[in-house]
Every structure is written in C-alpha cells, then in structure tokens.
Amino acid sequence: MPKYDYDIGVIGGGAAGLTVASGASQFGAKTLLVEKEKALGGDCLHYGCVPSKTLIKTAHVYHSIKNAAKYGLPAVDAGPVDYKDVAKRIKSVISTIQKHDSEERFCKLGVKVEFGDPVFKDEHSVEINGKPYVADKWVIASGSSSSMPLIEGIDQTPFLTNKELFSLDTLPKSMIVIGAGPIAIEMAQSFGRLGTKVIVVQRSGQILSKEDKDMADELMKVLVSEGVKIILNAKIKSAKDLGTEKLVVIKDSGGKTVSLKAEQILVALGREANVTGLGLEAISLKHDNRGIKVDNRMRTNHKHIYAAGDVTGAYQFTHAAGYEGGVVLNNAILHLPKKTDYTYLPWCTFTDPELASIGMNEKRAKEAGVEYTVWKEEFKANDRSLAEGEETGIIKLLINTKGKPIGAQILGPQAGDLLSEWVAIMNGGVKLSTLASAVHPYPTLGEINKRVVGTYFSGKIFSDKVKKTLKFFFHFKGRAC
Ligand SMILES: Cc1cc2nc3c(=O)[nH]c(=O)nc-3n(C[C@H](O)[C@H](O)[C@H](O)COP(=O)(O)OP(=O)(O)OC[C@H]3O[C@@H](n4cnc5c(N)ncnc54)[C@H](O)[C@@H]3O)c2cc1C
C-alpha cells in the first residue's frame with residue numbers, strides 16, 4: 001500500500017474547505033488544510049456574505065432613520081455617512097466571526113493548517129513553500145473571484161470589485177455598477193441608501209436574470225423609487241479614467257451612445273473559478289475558467305481528487321459550498337456513494353425587500369417542460385406586514401398537476417427566513433394540506449405561506465359541488481345578502 005503523509009489534503013480555507021477539513025479530522029482522518037491568504041474564512045467571511053450583509057444592515061438602519069416620518073415619528077436629519085465608520089463596523093463583525101474560523105480552532109480539531117501557494121507536482125503530491133505534502137485524497141476548494149470585464153480601456157481604469165468595496169475610506173459620491181446579479185443589486189441598493197448616486201448597467205432586459213421577470217421587476221421598482229438608476233439592455237463600449245471621475249460609454253437599448261460618469265466603478269459581472277497556479281494542467285485535471293469538472297459525487301477526472309464550492313462553477317453560495325463539502329466527506333472519508341441533488345437548493349438576494357427562491361420558478365419549469373399552476377399572495381394582505389410598514393412583495397407558489405409544490409419564490413420582508421418553511425416542506429415531501437391545516441401564530445409574516453396554500457385549496461373547498469352536497473344533506477338556505 002502506498003505511503004501518504006495525510007489521509008486527505010484540502011486546498012482552500014473557505015466554506016467548502018473548512019467543512020471538509022473539520023469533518024474529516026473529527027472522523028479521525030489525518031487532515032491537511034492549505035490556505036493561500038493570511039487567514040481562514042474565505043470570500044464569504046472577508047469579502048462576501050459577512051461584509052455585504054453588515055453593510056446592508058447599516059444602510060437599512062440609515063434608510064429607516066431617514067424615513068422616520070413613515071412610522072409616525074418626527075423627521076430626523078441623519079447627516080452624511082462617514083464610510084470609515086461603516087468600514088470599521090464591517091471589520092469588527094469579520095474579526096468576531098474570524099475566531100470561529102481560526103487556525104487555533106482547526107488545530108484543536110486535529111487539522112494541520114499551512115499557509116502558502118500549493119502546486120500539484122503529481123496526482124498525490126502538492127508542493128507548498130518548497131516542501132512536498134503527500135496525501136491519499138485531495139479536495140480543491142479554492143473558490144472564485146470576480147470575473148474581469150472585457151471592456152475597451154478597463155485595464156487603464158481603476159475599478160472596484162467585492163475585494164476592495166468594503167474597505168473604502170470614503171463613501172463614493174457616485175458609482176456605476178456593471179452587472180445586475182445578486183451582488184450588484186444588493187450593493188447598488190445599499191450604497192444608494194447610504195447616499196451614493198448609483199447607476200446600474202445591465203446587458204439583459206431584467207435585473208437578477210435567473211429569477212422570474214415579474215418578481216425581479218417588482219424589486220427593480222423599489223430600487224428605482226429609492227433613486228437607483230437602472231439601465232437595461234445596455235452594451236458597454238468602453239471605460240476611461242478621467243482623474244477624479246471615471247467614464248463609461250454604453251450603447252443603450254435604442255442604439256444611442258450614452259456617456260456615464262461616476263467617482264467609482266463597481267464590477268460585479270459574475271465569478272471565475274480560482275484555478276490558476278495550482279498546477280492542474282500538469283496533472284491533466286479537467287477544468288476551464290468557469291470551474292473544475294466534477295461528477296455528481298464531486299469527483300474530478302482523478303477519482304481521488306475532489307472539488308467543492310465556488311471552484312466547481314455550479315451554485316455559488318456559501319450553503320451550497322457547505323453542502324458539497326458534506327457530499328465530499330461522505331464519499332472520500334465515509335466511502336458512502338452520496339450524490340449531489342440541487343432540486344431544492346434555496347437562495348436569497350438580500351435586498352430590501354429580499355427575494356428568495358427554492359425549487360422551480362416559471363423560467364426553470366418552462367425550460368424543463370413541467371406543467372404547473374401559479375398561486376400568489378401579496379404582502380399587503382398580511383396584517384403583520386402592514387404593521388411593520390413592509391407592504392411591498394408577493395409570494396409565488398408553483399404547483400404541479402399532481403398537487404405537489406415544485407417551487408416557491410418570495411419577494412418580501414425577511415423572505416430568506418420565510419423560505420425556511422418551504423425548505424422543510426419540499427425536502428420533507430410534506431403535503432400542502434398539512435401546511436394549510438397547520439396553525440401559524442398571528443400576526444406573523446409567516447402566515448403568508450399558509451395563506452397562499454389556502455388560496456390554492458379554497459376553490460376546491462368552496463366549490464359549487466361541495467355547496468350542492470351540503471344543501472342536499474343539511475338543507476342550507478343559501479346566500480343571505
Ligand atoms: C459580495 C458577495 C456577497 C455574497 N453573499 C452571499 C450570501 O449572502 N449568501 C451566500 O450563500 N453566498 C454569498 N456569496 C457567495 C459566497 O461568498 C461563496 O459562494 C462562498 O464563499 C464559496 O465558498 P468556497 O469555499 O467555495 O470559496 P471561498 O469562500 O472563496 O474560499 C476559497 C478559499 O480558497 C483560498 N484559495 C484560493 N486560491 C487558492 C490557492 N491557489 N491555494 C490555496 N488557497 C486558495 C481563498 O483564499 C479562500 O480562502 C457572496 C459573495 C460575494 C462576493
């Protein structure tokens with residue numbers, strides 16, 4: 001039997017890598033974790049979910065203060081935002097969470113952590129800082145980075161990505177956001193709320209192009225009402241550094257050339273897998289810049305080398321990275337042939353209101369040729385929503401011809417949390433009648449989940465057939481008014 005120093009080596013200390021490393025070590029496997037940055041935690045902690053959600057909260061509070069009169073309170077002059085203080089708060093939240101992802105904690109779990117740039121020398125050996133490390137199995141979990149735009153002049157024009165955004169010294173007076181995916185839209189709204197004049201430039205005809213257009217359009221209306229300018233169907237021609245400002249030239253939907261100027265450009269055009277420098281070519285590991293190719297057990301073309309998280313280019317969320325890490329543990333450590341199943345993988349865009357989704361939306365159902373009916377309920381009919389001053393939003397439920405829920409999208413206050421009930425229902429195969437008859441506390445936003453199902457059943461319950469049957473047996477006299 002060949003001799004390896006480690007049972008498993010993990011490259012990348014983000015959500016996917018940390019899940020595998022901690023699990024493997026706790027199962028008794030001798031585990032190596034390699035991270036190229038100075039600290040563990042990955043993009044989510046340092047440049048992604050944590051700083052963005054902290055910023056979103058700060059922007060939300062500032063927005064609420066400025067809109068105090070809406071709640072019957074005296075109007076407040078909040079004064080301008082000092083972004084240094086915002087960045088300080090972001091740093092402090094990161095450093096609190098960092099303790100959970102510290103080298104010491106992983107060492108206590110039994111994981112050997114090495115910082116450096118790993119390069120595959122052969123299918124089992126990786127060189128780190130000039131030293132060879134040999135492991136029976138490897139997991140590549142090196143994440144992703146912001147895709148670089150192919151725009152004339154952008155290489156001569158300073159721009160921001162999620163890596164620089166959260167540590168700015170001053171709040172930009174104006175910002176052009178290139179792209180309209182979740183990161184772009186969350187940041188456009190937050191910076192807009194903090195006082196930046198924001199213009200979003202999007203190639204396609206809607207924001208959040210994976211979502212159904214009706215839901216995305218509702219959200220877009222909110223952003224526009226807050227002062228964010230959104231240009232759809234735009235083609236970016238060029239970018240130029242003008243000194244204090246940057247110029248972005250676009251062709252709008254009517255074919256007109258338009259010059260946009262702003263203090264900062266934020267590029268949020270999607271993600272590229274972090275695959276360069278790992279020596280993947282030397283071991284003929286199949287990949288491209290979208291990601292490392294894996295099968296449904298997260299195995300690469302070398303069956304003892306796995307990949308998980310953003311680097312596979314599939315579902316680029318922290319919870320997906322954690323889930324895939326779990327699949328790797330099952331296969332690589334427990335030798336159980338566990339396969340990935342993304343049917344009910346939920347996600348949420350943390351705008352205000354949030355837009356959360358699970359299962360099929362109309363776009364995906366149509367693509368798959370699945371027949372469905374759509375059931376909707378608006379937040380303005382939810383008592384708690386009105387009390388909270390959060391009347392914008394809608395829940396949209398897709399039900400197949402067998403009466404089974406196949407997808408739910410929620411645009412509304414705390415939509416990400418409200419979706420959890422659907423996570424349980426869909427994963428647990430719970431019948432809609434169970435949800436319809438379950439008592440929900442009043443007044444809660446969560447009642448909307450029960451209510452939309454009630455809408456689905458009410459046509460069946462209060463049908464003419466049922467009324468006729470009741471009349472026959474109980475001699476009911478019918479309408480009184
Ligand atoms: C602004 C923003 C907001 C986001 N918000 C959310 C959200 O609200 N919810 C959500 O679910 N997801 C969110 N995401 C996505 C989420 O951050 C990623 O899906 C998640 O971090 C993926 O985890 P990962 O382990 O695959 O990669 P990462 O967390 O990026 O970890 C990869 C690690 O590998 C390291 N690495 C890279 N190359 C090498 C190398 N050659 N050698 C060794 N180590 C290497 C990196 O330094 C990093 O530590 C957001 C992303 C961004 C950018």
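**Figure 1. The largest nonpolar core of the predicted model.** This core holds 43 residues. Those that touch the most other members are L55, Y83, L165, F191, V200 and I207. Two or more core residues come from each of α3, α4 (83-98), β8 (174-178), α7 (182-194), β9 (197-201) and α8 (213-225). Helix α7 gives the largest share, with six residues.

**Figure 2. The surroundings of I207, a member of the largest nonpolar core.** The view shows the contacts of I207 beyond its neighbours within four places in sequence. A180 and I185 are among them. So are Q202, A216, L219 and M220. I230 and L232 complete the list.

**Figure 3. Q206, in the loop between β9 and α8.** Is Q206 buried or exposed? Its relative accessible area is 6%, under the 20% limit, so Q206 counts as buried. The side chain of Q206 reaches the backbone oxygen of E211 at 3.0 Å. Residues up to four places away in sequence are left out of the next list. Beyond them, Q206 touches E211, D212, K213, A216, D217, L232 and K363. A216 and L232 also appear among the contacts of I207.

**Figure 4. Polar contacts of the ligand with K53, F317 and T318.** Each of these contacts involves an oxygen atom of the ligand. For K53, an N or O atom of the side chain lies 2.7 Å from a ligand oxygen. For F317, a backbone N or O atom is 3.2 Å from a ligand oxygen. For T318, a backbone N or O atom is 2.8 Å from a ligand oxygen. On its own, the ligand has 990 Å² of accessible area, and the protein covers 93% of this area.

**Figure 5. The shell of residues around the ligand.** How many residues surround the ligand? There are 35, and the closest are A16, E35, K53, D310 and T318. K53 and T318 also take part in the polar contacts of the previous view. The shell divides into 14 nonpolar, 14 polar and seven charged residues. Elements that give two or more residues to the shell are α1 (15-26), β2 (31-35), α2 (42-46), α3 (49-66) and α9 (318-333). Helix α3 also gives two or more residues to the largest nonpolar core.

**Figure 6. Helix α15 and the residue after it.** Helix α15 spans residues 464-474. This helix is hardly covered. Among its 11 residues, the count of buried ones is zero. H475 follows α15. The phi of H475 is positive, near 60 degrees.

Methods: Residues are numbered from 1 along each chain as its sequence is written. This is a predicted model: local features need pLDDT of at least 70, side-chain atom pairs count only at pLDDT 80 or more; totals for chains, interfaces and linings use all residues. Side-chain values use heavy atoms; hydrogens and water are left out. A residue is near a molecule or strand if one of its heavy atoms lies within 4 Å of it. A polar contact is a pair of N or O atoms within 3.5 Å; within protein, one must be able to donate a hydrogen and the other to accept it, and residues adjacent in sequence count only if both atoms are side-chain atoms. Accessible areas come from the Shrake-Rupley method with a 1.4 Å probe; for residues, only the protein chains shown count as cover. Helices (H or I, at least four residues) and strands (E, at least two) are DSSP runs, numbered from the N terminus. Ala, Val, Leu, Ile, Met, Phe, Trp, Tyr, Cys and Pro count as nonpolar, Asp, Glu, Lys and Arg as charged, and the others, Gly among them, as polar. A nonpolar core is a set of buried Ala, Val, Leu, Ile, Met, Phe, Trp, Tyr and Cys residues joined through side-chain atoms within 4.5 Å. Buried means under 20% relative accessible area, exposed over 50%, partly exposed in between (1.4 Å probe, protein chains only). Contact means heavy atoms within 4.5 Å.
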